[in-house]
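Grab a pencil and work through these exercises with the model open beside you. Try each task yourself, then check the steps below it.

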Amino acid sequence: MFASSPRPNNLSQKMLLVIFSIYLGVTCLITCTQFLTEYLKTQDSISSELKQLEETVRGPISSSLWQYNQAQLDVLIEGLIKMPIIVGVDVFDKDGESIISKRAYSPSAVPLSTFDSKTELSWGVNGDRIFLGSLVLYSSSEIVLDRVLFGFSLIIMTAFIKLTILFWLFIWAFNRYLATPLKGLMSQVNDVQISQDISKRIALPDIENNEIRQLQEHMNNMLSAIEADQVQLLEDEQAKRAWLEDAVAKRTAALQVSNEKLKELATRDSLTKVLNRGSFFETAQHLLTLSQRQKSPASFVLMDLDLFKSINDTYGHFIGDQVLVHFTNTIQTLVRKSDLIGRVGGEEFAIYLPDTDEKDALNIAEKIRAEVARSILDVEGKQVNYTVSIGVETSYLEEQSIGDLFKRADLKLYGAKDKGRNCVEN
Ligand SMILES: Nc1nc2c(ncn2[C@@H]2O[C@H](COP(=O)(O)OP(=O)(O)OP(=O)(O)O)[C@@H](O)[C@H]2O)c(=O)[nH]1
């Protein structure tokens, strides 16, 4: 049973040690007391037997002494000394002088302790008792021990049997009611710990309604509380994350809008919304490089509003601004979405036309010139008419710089101005 039982842990070992040490101590104490009591009882019993023997032999010994019958006295003393409870016999005369002294042991094996019983020897003559001497019978502790040990071995044996039965009963009860349920409890707690699955619950099989069950219930309540806390924490965490993601998304959208605005501010002309000079030339340079790689033609149209100073002077700067906006709106309706429009000076604009040869570029420039010349702008009840001079230039394949193209277009623009304005020069 013990071999198949679970290996005791420190607590159980300690419990066993403490319980059985106490039990052994108490048992030893009781046994020693029992032994002492038994010893004294046996000694009393032997003393009584000695007394009885004295009563029995007092008459014959007194008779032998009265008659001086030494032979009879010797026989009687020999008989006494052979008795199992007697280790010595002494006979004294009336003056206390030893007449006979017999011992059942040799001088080399003297008993540890002896005790005796003494009786007077007398003889009756004419109704008077004549004192003849005394008889002393001795017995020893060894004889008492011999008797006690016989009875006591039975006590020791029964005590050992009781102790053994109690020990195994204790081991069985300990395993059945404490060690096995505790081991099961620890194993299940360990499972929860290793798997980190708080939804698991501890369920010991065949458990009685005792402290272990209460412990199991307390642990399960604790697990439930931890699980509820974890769920709450998870929900809080998810809510926080959702809030954070929402805040980040809103912030990102706001940043994108700001970026777009910044980009527009950096790249666009605030009045006409077409590309500013820097941005136009940068983008046009990229497109020119691309056109060259694809070996496709590209054209550059440079436009300058005619006598714009006098428009400002005549109608004021506000109307001058409206003319600029009108002009950009007009050209946007006449070019492709892929064409690049930029404001390169106060009243000077440029269009970069990818995949456009000289002939097509001239057509577009002419369309712009004609449309502008034809249109009448109505601002604040005033009718404004304006014209534009245009220089057109188409790129050569070996041409690398948009600046060169611009310079050549500018020369053409001067030519148009020289020819009297409101015309296209290429
Ligand atoms: N309203 C307004 N005027 C501008 C703006 N930018 C430049 N101007 C004006 O445009 C005028 C350009 O005048 P000029 O360079 O003498 O040229 P022009 O009068 O157009 O004469 P030509 O170019 O020879 O036909 C100047 O008076 C500038 O003040 C602007 O954004 N708004």
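**Exercise 1.** Take helix 3 and helix 4 in this predicted model and work out how their axes are arranged.

*Solution.*
- Step 1: Find helix 3 at residues 141-195 and helix 4 at residues 211-267.
- Step 2: Look at the two axes, which come within 11 Å and cross at roughly 10 degrees.
- Step 3: Angles under 35 degrees count as roughly parallel, so helix 3 is roughly parallel to helix 4.
- Step 4: Now see who touches whom. Helix 3 brings Pro 181, Leu 182, Leu 185, Val 189 and Val 192 to the contact, and helix 4 brings Ile 212, Leu 215, Gln 216, Met 219 and Leu 223.
- Step 5: Sort the residues of this contact by class, and you get nine nonpolar, one polar and no charged.

**Exercise 2.** Do the job again for helix 7 and helix 8: at what angle do they pack, and how far apart are their axes?

*Solution.*
- Step 1: Helix 7 covers residues 317-334, and helix 8 covers residues 358-374.
- Step 2: Their axes lie 10 Å apart, and the packing angle is about 140 degrees.
- Step 3: Roughly antiparallel would need an angle over 145 degrees, so helix 7 and helix 8 are oblique to each other.
- Step 4: Check the handedness too: helix 7 passes helix 8 in a right-handed crossing.
- Step 5: On the helix 7 side, look for Phe 327, Thr 330, Ile 331 and Leu 334; they meet Ile 364, Lys 367, Ile 368, Glu 371 and Val 372 of helix 8.
- Step 6: Sorted by class, the contact of helix 7 with helix 8 has six nonpolar, one polar and two charged residues.

**Exercise 3.** Which element supplies the largest share of the shell around the ligand?

*Solution.*
- Step 1: Start with the 15 residues around the ligand; Phe 308, Lys 309, His 317, Gly 320 and Gly 346 come nearest.
- Step 2: Pick out the elements that each give at least two residues to the shell: strand 5 (298-305), helix 6 (308-315) and helix 7.
- Step 3: Helix 7 takes the largest share, with four residues.
- Step 4: By class, the shell splits into seven charged, four polar and four nonpolar residues.

**Exercise 4.** Step back to the whole protein chain: how many helices and strands does it have?

*Solution.*
- Step 1: Count along the chain, and you should reach nine helices and 11 strands.
- Step 2: Of the 426 residues in the chain, 22% are buried.
- Step 3: Take the contacts between residues at least 6 apart in sequence; 65% of them join residues at least 24 apart.

Note on methods. Residues numbered from 1 in each chain as written. Predicted model: local features only at pLDDT ≥ 70, side-chain atom pairs only at ≥ 80, totals over all residues. Buried ≥ 20, exposed ≤ 12 C-beta atoms within 10 Å, placed from the backbone. Contact = placed C-beta atoms within 7 Å. Axes fitted to C-alpha atoms, helices over the stretch in contact; angles between N-to-C directions. Parallel < 35°, antiparallel > 145°, perpendicular 65-115°, else oblique. Left-handed = near helix turned anticlockwise from the far one by under 90°. Nonpolar A, V, L, I, M, F, W, Y, C, P; charged D, E, K, R; others polar. Near = placed C-beta within 6 Å.
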